[in-house]
Amino acid sequence: MYLRQNTMNKTIAFAGSNAKKSINQQLTTYVANLSNEIDFLDLRDYADVPMYNFDDEQSSGIPAKIQALYTLLQSYKNVIMASPEHNGMPPSFLKNILDWLSRAEGEKFLQGKKVVLLSTSPGGYGGANNLNNLKNIIPYWGAEVVATFSLPKFYENIEEGQLIIKNANKKQELMTAISALEFSTTEV
Ligand SMILES: Cc1cc2nc3c(=O)[nH]c(=O)nc-3n(C[C@H](O)[C@H](O)[C@H](O)COP(=O)(O)O)c2cc1C
């Protein structure tokens, strides 16, 4: 389900977490609110997609939700993807969806798209190690990673329940990262 969708928009943003209070989801909505030219997808709606299994794929094919997600992604030129870091890697939840997508119509499920990668964590690196892994694999899916941004110490950037990126350099870094996708932004 969308929180926001405009059929004219060329950019879709989502976070690869299934946590109710996902901090990467919070970072993603923060970014999506920087421009009304960004659509937002709640990937938690895909929490019931089964764990990838070759035998199930052979017998039952690609899950309908994954096929629909594949088709949806093809209607966008740009993707903003936030990935939590679990032990230096994307979490199983996101990896599972990406694995399924790579089976939908061949592995180039992001063909021709520009990707901005985001991450945040409570720790001092903000999930940056995980983004390095994703950055290396995404070109195999046909896309170009045009920028990455990691926000360390997420909870130090929360005020009255809202994400406020307090460090001016960090905020500028984020604005520069998403401006690689060329749309107008509104300061928050
Ligand atoms: C299994 C597991 C492994 C984790 N590994 C890392 C890690 O390698 N680096 C890191 O910065 N945070 C790590 N964390 C903390 C996550 O950054 C934190 O749980 C964060 O809230 C996950 O993002 P989300 O809220 O968007 O799901 C880990 C958390 C879990 C549950």
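**Close-up 1. The buried residues of helix α5 pack against strands β5 and β6.** In this predicted model, the strands in question span 114-120 for β5 and 144-151 for β6. Which residues of α5 are buried? They are Ala-128, Asn-130, Leu-131 and Leu-134. These four cover an arc of only 145° around the axis, so they end up on the same side of α5. Here's a handy bit of helix background: an α-helix has 3.6 residues a turn, so residues three or four places apart point the same way. Now flip your attention to the other side of α5, where Asn-136 and Ile-137 are exposed.

**Close-up 2. Asn-130 sits in helix α5, which runs over residues 128-137.** Is Asn-130 buried or exposed? Count its neighbours: 25 other C-beta atoms lie within 10 Å, and 20 or more is enough, so Asn-130 is buried. Skipping residues up to four places away in sequence, Asn-130 touches Ser-83, Glu-85, Gly-88, Met-89, Pro-90 and Ser-119. Look for Pro-91 too: Asn-130 and Pro-91 are 39 residues apart along the chain, yet their C-alpha atoms are separated by 9.3 Å.

**Close-up 3. Helices α3 and α4 cross, with their axes coming within 9 Å.** To describe two packed helices, you give the angle between their axes and the distance between the axes. Here α3 covers residues 64-74, α4 covers residues 92-104, and the crossing angle is roughly 75°. That angle falls in the range from 65 to 115 degrees, and therefore α3 and α4 are roughly perpendicular to each other. Who meets whom? On the α3 side you'll find Ile-66, Gln-67, Leu-69 and Tyr-70, and they meet Trp-100, Leu-101 and Ala-104 of α4. Sort the residues of this contact by class and you get six nonpolar, one polar and no charged.

**Close-up 4. Gln-67 is part of helix α3.** How much cover does Gln-67 have? With 15 C-beta neighbours inside 10 Å, Gln-67 counts as partly exposed, because that number lies between the 12 or fewer of an exposed residue and the 20 or more of a buried one. If you leave aside neighbours within four places in sequence, the contacts of Gln-67 are Ile-62 and Ala-104. Glu-105 is worth finding as well: Gln-67 and Glu-105 are 38 residues apart in sequence, but 8.7 Å apart in space, C-alpha to C-alpha.

**Close-up 5. The largest nonpolar core has 42 residues.** Which of them have the most contacts inside the core? Ala-13, Leu-27, Val-31, Ile-80, Leu-117 and Leu-118 do. Zoom in on Ile-80, and ignore its neighbours within four places in sequence: Ile-80 is in contact with Thr-11, Ala-13, Thr-28, Val-31, Ile-38, Val-116, Leu-118 and Ile-178.

**Close-up 6. Asn-87 has a positive phi, although this residue is something other than glycine.** The phi value of Asn-87 is near 55°. You'll spot Asn-87 in the loop between β4 (78-82) and α4. Asn-87 counts as exposed, because it has 7 C-beta neighbours inside 10 Å.

**Close-up 7. Glu-160 is not a glycine either, and its phi is positive, at about 50°.** Where is Glu-160? Look in the loop between β7 (158-159) and β8 (162-163). Just 5 other C-beta atoms lie within 10 Å of Glu-160, so this residue is exposed.

Terms used. Residues numbered from 1 in each chain as written. Predicted model: local features only at pLDDT ≥ 70, side-chain atom pairs only at ≥ 80, totals over all residues. Helix = DSSP H or I, 4+ residues; strand = E, 2+ residues; numbered from the N terminus. Contact = placed C-beta atoms within 7 Å. Axes fitted to C-alpha atoms, helices over the stretch in contact; angles between N-to-C directions. Parallel < 35°, antiparallel > 145°, perpendicular 65-115°, else oblique. Nonpolar A, V, L, I, M, F, W, Y, C, P; charged D, E, K, R; others polar. Core = buried A, V, L, I, M, F, W, Y, C linked by C-beta atoms within 7 Å. Arc of directions from axis to C-beta.
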